[in-house]
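Work through the exercises below with the sequence and the model open. Try each task before reading its solution.

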Amino acid sequence: MLVRLTDGVLRRPRLVLAGALIGVAVAALFGASAPQHLSPGGLDDAPGEASRAATVLQRRFGTGSPNIVVLVTATHGTVDDPSSATAGLELTRLLAAQPHVTNVTSYWSLGSVPSLRSADRSRAVVVGRIEGNQDQIIRSEPAVARAFTDPPPGVTVRLGGSAPTFHEVNQKVNDGLRTAELLALPIIGLLLAFVFGSAVAAALPLVIGAVSVIGTFLVLRLLAMVTDVSIFSVNLTTALGLGLAIDYSLFVVTRFREELAGGRSPFDAATRTISTAGRTVAGSALTVAVSLAALLVFPLVFLRSFAYAGIAVTALAGLAAVIVLPAVLVLLGHRVNALTVWKRSIRPAEEGFWYRTTTIVMRRPWPFATIALGVLLVLSSPFLHLHLGTADDRVLPPGNHTRQVDETVRRDLGDSELGAVTVVASRTSVVGNADARAAIVDRYAVGLSKLTGVARVDAATGMYFHGQKVPGPPGYTDRFSTPDGSGTWLSVVPTVEPFSVAGQHLALAVRRVRAPFPVLVGGLSAQLVDSTASLTSRLPLALGLIALVTFLLLFALFDSILVPLKALVLNVLSLSATFGPMVWIFQDGHLAKLLGVTATGTLLAPVPILFFCVAFGLSMDYEVFLLSRIKEEHDLGAANCDAVARGLGRTGRIVTAAAVLMSVVFLALVTSQISFIKLFGVGLTLAVLMDAFLIRGILVPALMRLAGEANWWAPAPLQRLRRPQRTTQ
């Protein structure tokens, strides 16, 4: 199929280019606005008990977890002074009057509840909820913020909470994308000119990158019309699209120039290039796409969005590299070497650095393999104490004004009001008459209030502090029941941080308390528990799919059992060694100040899964490039060791250049002001460089030497599936 496609492309290169230009123009016209239509949420939408509790709360009681907090600071005296109290009540009414804002309470409206003010009484809060899904909340938040630009005399006002936080995150993602592009593109252009020695050749990977990224933006725009797509997928689209385009173009253009130098005509050189390097690119694109497709088994919009973006940009980069790029190369011919930047000497593979290094490694495979494996295991060790969490204001940079508000609330007041665990009666009614229902709720609330980590419990029957009931402020407790009194819910206000391990333990403890009627337990802590459980329960399926499909693809490419198995094992080791430092830095806080991030003791729950799938695909990318050339040499009659040395000698420089270029693309993500985007920048940079140097440069040749000709063995039943011997990249 690839041969027929190649022949059609190379015989009509101008028609192919014209079609590509039209397609890019259409994609640019309709896809440029894609980021404006993507969702800023998707991080905590896993199905589970907490989601069902939130649905019941919204439908039956018109309420939910607070997502906006107004931090009120008395300019003189305390928040209990008459002037401050008057201002506080006025601000409470002001927030309640805003469109789409409900369930507004404050320190003053609740009768001076201590958990809503600081210990020195200089600050207190007004809390409420902006209704709607994440997109609607983000759109409504700026109007709410503008309402508080002119506060009453005697107080100052600042806004925080998850609604302002995600509005800021949404803005920072867009700003960071532009910064990363402006920083990375000039550096990549210079490096490509250095690698190719020709300005014309250096421009081709950037063209292929533009085609794949622009096309993916159109795909995301179309998908956003029928389903939620996370805004965070834009960062992957740009970085992965540019990185893969560079990888694929580097191999295709290098092989084309190699064939030209061997005396072939431009048409024959392009034909030979696509039958070798093009086949490798197609196989690599399939393995990367399969790794990212595994994200579709997870329910989070955040992860599924990365699958959409990753599959699209990988497919487009691969198609552009085997269709558009060959057409350009045929038309350019020897002019691909035009605009020479510097004269690059071409030495035989046997004289290169990677050939000599591989030969040294294969002379002493056991010591080299042992040392390399030891390094990987040491780097992997922090991964053993990974703790999962969720996103809050600390994903923003330390100086951000919204984060400063939330940090002040967390430090001086505790964020208990925003992180309450909600307990909702799941049936239409609680059995019994009014008095019986009240007695049932009263006993249940008393029991909940005695749990470790609970500050108080609010219910329709009153407020409960450590087993003691006190009447609630007039009208406040009415919100906890339906008008006819048949439905009820309770708010368990914690003393612990909602997103901490202690917060999760509290949510689980509430669920373990025997309720006198069927209940659903929700809130931020419970949502995190459900999200983590949902992710971990589907992880085996995702990993199994990746392993199975990757094995089959590699077997189809290399006609071997051992090579795919070895590739899978090495990739797992490599990724563990990569993610260990990420835990050490972003969870434990080492080097956090240098990178401008705040360690919270946890990592965002979907991040390890997303990181694994992306990095696994990229690792297989280089594995396919290297092993394809080794197999080509072996198929031409070279012995196992000679094939390995020649394959690395011919591809080592290209893989090194591709890894350095891709690392520049990913390292540019470190300029983002969002902490988990920084994690991807640092982590993927480390993954690419480790894979190119430690894995491909040492472990692969050492293990290939130890396995010998068994590298190319397959059981008899599978041998019948082999195709006739062929040359590959």
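## Exercise 1: Backbone angles in loops

His466 is exposed, with a relative accessibility of 54%. The model is a predicted one.

**Task.** Find where His466 sits, and state the sign of its phi.

**Solution.**
- Step 1. Locate the residue. His466 belongs to the loop between β8 (462-465) and β9 (468-470).
- Step 2. Read the angle. Phi of His466 is positive, near 50°, and the residue is not a glycine.
- Step 3. Check exposure. The cut-off for exposed is over 50%, and His466 has 54%.

**Task.** Now treat Leu591 in the same steps: which loop holds Leu591, and what is its phi?

**Solution.**
- Step 1. Leu591 lies in the loop between α17 and α18 (592-595).
- Step 2. Its phi is near 65°, a positive value in a residue other than glycine.
- Step 3. Leu591 has 46% relative accessibility, so it counts as partly exposed.
- Step 4. Look at Gly589 too. Gly589 comes just after α17 and has a positive phi of about 100°.

## Exercise 2: Two helices, checked by length

**Task.** Compare the expected span of helix α17 (residues 562-587) with the distance between its end C-alpha atoms.

**Solution.**
- Step 1. Count residues. Helix α17 has 26.
- Step 2. Apply 1.5 Å a residue. The expected span is 38 Å. One is taken off the residue count before multiplying.
- Step 3. Compare. The end C-alpha atoms of α17 are 36 Å apart, which agrees.
- Step 4. Add the surroundings. In α17, 19 of the 26 residues are buried, so the helix is largely enclosed by the rest of the structure.

**Task.** Repeat the check for helix α3 (residues 49-61), then ask on which side its buried residues lie.

**Solution.**
- Step 1. The 13 residues of α3 should span 18 Å.
- Step 2. The end C-alpha atoms of α3 are 17 Å apart, in agreement.
- Step 3. List the buried residues. Ala50, Ala53, Val56, Leu57 and Phe61 are buried in α3.
- Step 4. Take the arc. These residues cover only 120° around the axis, so they lie on the same side of α3.
- Step 5. Recall the geometry. An α-helix has 3.6 residues a turn, so residues three or four places apart point the same way.

## Exercise 3: Salt bridges

**Task.** How many salt bridges does the structure hold, and which parts does the pair Arg123 and Asp412 tie together?

**Solution.**
- Step 1. The count is 23 salt bridges.
- Step 2. Arg123 and Asp412 pair through their side chains at 3.0 Å, N to O.
- Step 3. Arg123 is in strand β3 (residues 123-130) and Asp412 is in helix α13 (residues 401-413), so the pair ties together parts 289 residues apart in sequence.
- Step 4. Check exposure. Arg123 is partly exposed at 22%. Asp412 is partly exposed at 23%.
- Step 5. Look for another partner. Asp412 also forms a salt bridge with Arg411, at 3.1 Å, N to O. Arg411 is exposed, at 58% relative accessibility.

**Task.** How are Asp635 and Lys631 placed in helix α19 (residues 607-635)?

**Solution.**
- Step 1. Their closest N and O atoms are 2.8 Å apart, in a salt bridge.
- Step 2. The two residues are four apart in α19, which means a separation of about one helical turn.
- Step 3. Is each one buried or partly exposed? Asp635 is partly exposed at 25%. Lys631 is buried, with 4%.
- Step 4. Salt bridges with shared partners also join Arg255, Glu258, Glu259, Arg264, Arg272, Arg629 and Glu632 into one network.

## Exercise 4: Surface and cysteines

**Task.** Which residues form a nonpolar surface patch with Leu29?

**Solution.**
- Step 1. Leu29 lies in helix α2 (residues 13-31). Leu29 is exposed at 65%.
- Step 2. Its patch partners are Ile22, Val26 and Phe30.
- Step 3. Together the four have about 420 Å² of accessible area.

**Task.** Count the disulfides, then give the exposure of Cys613 and Cys641.

**Solution.**
- Step 1. Sulfur atoms must lie within 2.5 Å. The count is zero disulfides.
- Step 2. Cys613 is buried at 2%. Cys641 is partly exposed at 29%.

Key:
Residues are numbered from 1 along each chain as its sequence is written. This is a predicted model: local features need pLDDT of at least 70, side-chain atom pairs count only at pLDDT 80 or more; totals for chains, interfaces and linings use all residues. Side-chain values use heavy atoms; hydrogens and water are left out. Buried means under 20% relative accessible area, exposed over 50%, partly exposed in between (1.4 Å probe, protein chains only). Patches are made of residues with over 30% relative accessible area and no salt bridge: like charges are joined within 9 Å, nonpolar side chains (Val, Leu, Ile, Met, Phe, Trp, Tyr) within 5 Å. Accessible areas come from the Shrake-Rupley method with a 1.4 Å probe; for residues, only the protein chains shown count as cover. The arc is that of the directions from the helix axis to the C-beta atoms.
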